[in-house]
Amino acid sequence: MFKFLRRFLKEEVDEQTRLRLKFEHFRRLLDNNTQALEIMADMEEKLAGDYLFDTPYLQGQVERLGESVAHIVTELNLLTENRYPELRSICQQTQEEILKELRAAPDIPATAYVLPLADLTQEMAVSVGAKMANLGEMGNRLHLLVPQGFAITAAAYKRFLEASGLEEELARRLAQAPIDDLESLEVISREIQTLVRQAPLPPDLEEALLEAGKTLQGQPLAVRSSAVGEDTDFSFAGQFATLLNVDAAHLPAHYREIVASKFTSRAIFYWKYQQFSAEELPMAVGCVTMVPARASGVMFSLDPHAPESNAVLISAVWGLGKYAVDGAITPDLYRVSRDPGLKVLEERVAEKPVALVCLPEGGTGEVALDQEQARAPCLTPEQIQNLAAIALKLEKHFGHPQDIEWALDDSGRIYLLQSRPLRVSAPKVEERESTWEPVPPLLRFGIRAVGGAAAGRVFLWQRDGEVANIPPGAVVVARQPAAKLVLVMDRIAAILTEVGSPTDHMSILAREFRVPTLVEVGGATRVLHTGQVVTVDADAARVYPGLVPELLEGRARADTELQRNPVFEKLRRILKKATPLNLLDPESPEFQASRCRTLHDITRFAHEKAMDAMFALDVDQALKPGACSRLKTDLPLTLFILDLGGGLRVPGQPWITEDDILSRPFRALLRGFHHPQIRWAGQVAPDLKGFISVFANTMYDMGKAEKGLGGKSFAVISDRYLNFNSRLGYHFAILDAYLSEEKNDNYISFQFKGGAAGVERRERRARLLGEILDDLGFKVQVTGDMVRARMVKYSLLETEQTLELAGLLSAFARQLDLALTSEAVVDRCFRAFKEADYSLSFLHPEPSAP
């Protein structure tokens, strides 16, 4: 007897322990799911081109994302007793593919060894580097004045290393270069540079260089680096060599010198610190004719230190621009308004005692200037405005503020020598001044999930089945996010949702498609109506009536230079294996572990199946009445409670009151049960047909007749979690919910089935519940008299309020099937609930007169 009791008690404890462990696995899965979604959202945000990122960023994010998704898979299988073992291999394979992309060196296009500047455009940056590609773009498409010249391509660099046998030797020595030991780094750097300078060029490459030099008819050259990856997101400013005023006849030696500069100690330190490999920076070289510069300088199309000033910033020195770039002397400084008219706002003329000039014998030298020239401005007012106009033209063309090098020859002509993106970080939306409003907005709140502006006709989207009806160019307005919108993201203008998060599945997809998206736009479905034309400014969280051209025209295009950067391209390839979502519909037969193709698929599948697992807990096995707390309540419930942690003030007590309950979701549910309009005493009176139906339904199942109104109910709770199994009348209900500050974790699952009436009336009640739940924002399935519903990713407050309504609804519908004699009564009950009339007074018979 005692052995039996010990075994019984042990099994009971084991079941409770098992339930607690399941909850811990569930909680850890949610934590990792949140982290994974945040990482994916952050990586996709970088694709907008508004943020700096580097190789260490990619490596860190890929590592963290892989760890989070692997933990999700582990916790899901622990939660479900290894129901999805295939997810492990799918996750591992996907991560291996991503790591392969992370480590991959960029492909070097097969081109000629030399390409004329007259043939170059910005699309050729992978062949000639951004510096030369942009120079060709300015001359060939914008018809601005640039020097003559050509580019020695990345293909030539590859040919040089392969033919000389340097490739393997350089890789071996670079692997030994420690960036934390500068003395050793300097030794290795000198050795490598010597190897490069002494290595012979293959004959075909040397001949190509000499022939290209002859095309410039003996003019002196500027030979400078144009590495693939330089002058984009990573400036490599001052890391590589520039040779000025050199003879084209010695171009092979000049070329080797530029290539050798890739391996100076400071350059090695910089690109190893940024965690580039040698293969990721193929060295293209630019060769252009020297401009006999009277004055030179740098200009920024937008002041990077004070972008709000809306000014072009120009610096100028006498002679060659090297002194303006490296800060050898104080330059003249000009600030010019970007507004029409280009008014000069500020002119600071410095004393410039020396200038760097070209020497007749080659090379450059410093010359002293007389006091009059030293103190004179380098530019006339007209030249200042001409430069500012060029800066704005380049910014408009490249779609981003620009950092521009220029030179002024003796005849006053302005030559452009370089243009690269100027990194001006936009302030965060919540910090941005948003007082400017072109017209009074219809809505002026929300959270930016995807930036940008767009206009179109509103389409109020209420159900998944309506996706095919969304017209091209629509501004989709919905109550909550839906990943299924991916089916039309290639053709819609913008998305507004009343709830949601920048890290939810829909937002990640919208970011991939560059669809301006605002979430948390409360009241959007009430304020806006289908067919209405609106303009959405997602950056400022504004929705305006009609078209607002100044918003739509003022949006900069994507930073195409940054997007051609190798690190940016690597991010794009990584995200193709990480973020696309193929599993859109949990009810589809395709929603299976074996169908997961990306890390996003795995997170979506695991999150859905984890909620299913918690919803289907075998609570009866774990909650033996003698081992749980029982609730003292005036509700007609025999309710036993198991606290998994933080749900009760003092766990383990045999009896508790509602004041002892700390669980936030459980307290919300009980508030719904206690609504003053709910009538627990008495029953809804059936008609004669309903009474016969009840009698017939219970005659063959006497257990139903014995359960009566109260039934035994169980609640498994924590501070944030609730799993509630109840028997109310002749039906049962299961409610599973999680509440937290992280809206991606929040959900309510609801199931309702059964009743004492016949099938027809039970099915009417199921349809009524389905309509009410759909109106509350749930996704609903109704099968016979079974109702299944789920609501996910609402804010803490909204989820809590809806959970209270779900409790109220359970009580509201407890024996309603007896009274649902027709569809008209169903409609009347739906209207009553929607109008907050929960008393059902129209169904209760009036007391007869004495």
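This is a short dialogue on reading a predicted protein model.

Colleague: How many helices and strands are there in the protein?

Modeller: The model is predicted, so keep that in mind as we go. The protein holds 26 helices and 29 strands.

Colleague: What share of the residues counts as buried?

Modeller: Of the 850 residues, 54% are buried. The cut-off for buried is under 20% relative accessible area. The protein exposes about 36,400 Å². Carbon and sulfur atoms supply 52% of that area.

Colleague: What share of the contacts joins residues 24 or more positions apart?

Modeller: Take the contacts with a separation of 6 or more. Residues 24 or more positions apart account for 66% of them.

Colleague: Now backbone angles. How should I read the sign of phi?

Modeller: Start with the general idea. Most residues other than glycine have a negative phi. Then look for residues with a positive value. Gln-217 has a phi near 55 degrees. Asn-310 also has a positive phi, near 55 degrees.

Colleague: Where does Gln-217 lie, and is Gln-217 buried or exposed?

Modeller: Gln-217 sits in the loop between α8 (203–214) and β3 (221–225). Its relative accessible area is 70%, so Gln-217 is exposed.

Colleague: Where is Asn-310, and what is its relative accessible area?

Modeller: Asn-310 is in the loop between β6 (293–300) and β7 (311–318). Its relative accessible area is 29%, so Asn-310 counts as partly exposed.

Colleague: Let us take a lysine. Is Lys-262 buried or exposed?

Modeller: Place Lys-262 before you judge. Lys-262 lies in the loop between α9 (251–260) and α10 (265–273). Its relative accessible area is 0%, so Lys-262 is buried.

Colleague: Which side chain does Lys-262 join in a polar contact?

Modeller: The partner is Tyr-157. The polar contact between the two side chains is 2.7 Å.

Colleague: Next, a helix. What span should α24 have?

Modeller: Count 1.5 Å a residue. Helix α24 covers residues 759–776, which is 18 residues, so the span should be 26 Å. The end C-alpha atoms are 26 Å apart, which agrees.

Colleague: Which residues of α24 are buried?

Modeller: First, the general idea. An α-helix has 3.6 residues a turn, so residues three or four places apart point the same way. Now the case here. The buried residues of α24 include Arg-761, Arg-765, Leu-768, Ile-772 and Leu-776. Arg-762, Ala-766 and Leu-773 are also among them.

Colleague: What comes just after α24?

Modeller: Gly-777 does, with a positive phi of about 110 degrees.

Key:
Residues numbered from 1 in each chain as written. Predicted model: local features only at pLDDT ≥ 70, side-chain atom pairs only at ≥ 80, totals over all residues. Heavy atoms only, no water. Helix = DSSP H or I, 4+ residues; strand = E, 2+ residues; numbered from the N terminus. Buried < 20%, exposed > 50% of the residue type's maximum accessible area, 1.4 Å probe, protein only. Contact = heavy atoms within 4.5 Å. Areas by Shrake-Rupley, 256 points an atom, 1.4 Å probe, with all protein chains shown as cover. Polar contact = N/O pair within 3.5 Å; in protein donor to acceptor, adjacent residues only side chain to side chain. Expected span 1.5 Å × (residues − 1).
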